[in-house]
Amino acid sequence: EAKGRGKNTYFYFNVKMQDAIKERTYIENKLIESLKYNNFEILYQPIYDIKTEKIASFEALLRIKDFNISPAKFIPIAEKSNLIVDIGNWVIKNVVLKIKEWIDLGIDVKPVSINISVKQFVDGTFLNILKEYINKFNIPTNLIQLEITEGLLLEKNDYTIQKLKTLKELGITIILDDFGTGYSSLSYLTYIPVDKIKLDKSLNDKFLKRESIETIKNIIGLIKSLNLLVTAEGIENREQVEILKEIGCDYVQGYVYSKPIDSERLSILLKEYNK
Ligand code: C2E
Ligand code: MG
Ligand code: MG
Ligand code: MG
């Protein structure tokens with residue numbers, strides 16, 4: 001009996017692995033196709049200034065049109081297959097073009113955050129594309145924010161630090177995303193050139209409560225003592241917003257204010273906003 005079960009487990013495991021490979025191949029093909037047929041779409045999620053409760057910036061979030069799959073799933077596959085370089089460049093080009101469009105429409109554009117994955121950053125071609133597009137369309141660099149993750153900083157190498165410095169010298173804002181999900185050694189905050197920190201949803205879910213207000217207050221206090229600005233991500237209710245106000249957080253991003261929206265709705269929102 002035990003032997004039989006062992007066999008079954010082995011068989012089941014194999015089938016599961018095959019399914020995973022099939023799924024990965026399927027998504028990979030979907031990504032290649034989406035690049036080829038321009039089937040990606042960028043949604044924008046507003047980020048609010050906590051004091052004024054007005055829009056301070058947006059985060060660009062990638063989607064595949066008519067395909068209900070989270071970037072949390074397809075971005076890691078894009079990274080493994082190296083497609084992230086082309087996909088990332090597509091995102092950069094399209095965000096810059098959108099900013100240009102808003103400027104031409106006379107809209108008071110806010111800075112836009114673009115997520116840059118580790119592999120894309122290390123590859124480095126994004127920097128030339130970004131510079132080329134910024135120059136071509138005469139985009140003020142303070143409208144561009146790049147979100148990087150801790151993974152990039154684990155290898156404390158000069159290349160990364162140098163690239164980040166170059167970006168900052170251009171006037172681009174650097175944001176450390178997903179803070180609180182990895183090792184979050186606070187020591188690197190003292191030597192990496194970043195401007196803002198984003199507290200991850202998981203951290204906020206855990207600590208953004210009355211009973212643990214001291215913990216989250218200390219985390220924010222520490223970040224602020226390094227002269228960095230703090231955004232809290234994944235905020236879904238008013239209670240959390242009130243706590244964040246009390247403890248000196250700078251920006252809020254979450255469903256409590258808005259989900260990611262398409263650029264048409266955003267254009268309307270911005271036009272209304274400027275009246
Ligand atoms: P992220 O950069 O941490 O982005 C924030 C994620 O939290 C987004 O998920 C956003 O929709 C979601 N979110 C914001 N507020 C709330 C909330 O109140 N409740 C809940 N439940 N979720 C909230 P999304 O759009 O699914 O993206 C997932 C991840 O995929 C991103 O996490 C980012 O790591 C990656 N990603 C998305 N677009 C790109 C891209 O263009 N390039 C790269 N390299 N990665 C991207
Ligand atoms: Mg992000
Ligand atoms: Mg994040
Ligand atoms: Mg996240």
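Tutor: Contact here means heavy atoms within 4.5 Å. The structure is a predicted model, in which local features need pLDDT of at least 70, side-chain atom pairs count only at pLDDT 80 or more, and totals for chains, interfaces and linings use all residues. Side-chain values use heavy atoms, with hydrogens and water left out, residues are numbered from 1 along each chain as its sequence is written, and ligands are numbered from 1 in the order in which they are written.

Student: Which residues is Leu 244 in contact with, leaving aside its neighbours within four places in sequence?

Tutor: Leu 244 is in contact with Ile 50, Leu 208, Ile 220, Ala 232, Ile 235, Cys 249 and Val 252, once those neighbours are set aside. Leu 244 is also, with Leu 31, Leu 146 and Leu 176, among the residues that touch the most other members of the largest nonpolar core, which has 79 residues. A nonpolar core is a set of buried Ala, Val, Leu, Ile, Met, Phe, Trp, Tyr and Cys residues joined through side-chain atoms within 4.5 Å.

Student: Why is Thr 231 called buried?

Tutor: Buried means under 20% relative accessible area, exposed means over 50%, and partly exposed lies in between, with a 1.4 Å probe and protein chains only. Thr 231 has a relative accessible area of 4%, and is therefore buried.

Student: Why does Glu 59 count as buried, and why does Asn 115 count as partly exposed?

Tutor: Glu 59 is at 3% relative accessibility, under the 20% limit, and so counts as buried. Asn 115 is at 29%, between the 20% and 50% limits, and so counts as partly exposed.

Student: What makes Glu 59 and Asn 115 donors of the magnesium ion (ligand 2)?

Tutor: Donors are N, O and S atoms within 2.8 Å of the metal (3.2 Å for Na, K and Ca), and because water is not among the atoms, sites may look incomplete. Glu 59 (OE), Asn 115 (OD1), Glu 147 (OE) and Asp 177 (OD) coordinate this ion at 2.0 to 2.3 Å.

Student: How do you know which residue bridges the two magnesium ions, ligand 3 and ligand 2?

Tutor: Asp 177 coordinates both ions, which are 4.0 Å apart. For ligand 3, the protein donors Asp 177 (OD), Asp 178 (OD) and Glu 233 (OE) lie 2.2 to 2.7 Å from the magnesium ion. Asp 177 lies in strand 5 (residues 173–179) and Glu 233 in strand 7, so the pair ties together parts that are 56 residues apart in sequence; strands are DSSP runs (E, at least two residues), numbered from the N terminus.

Note on methods. Helix = DSSP H or I, 4+ residues; strand = E, 2+ residues; numbered from the N terminus.
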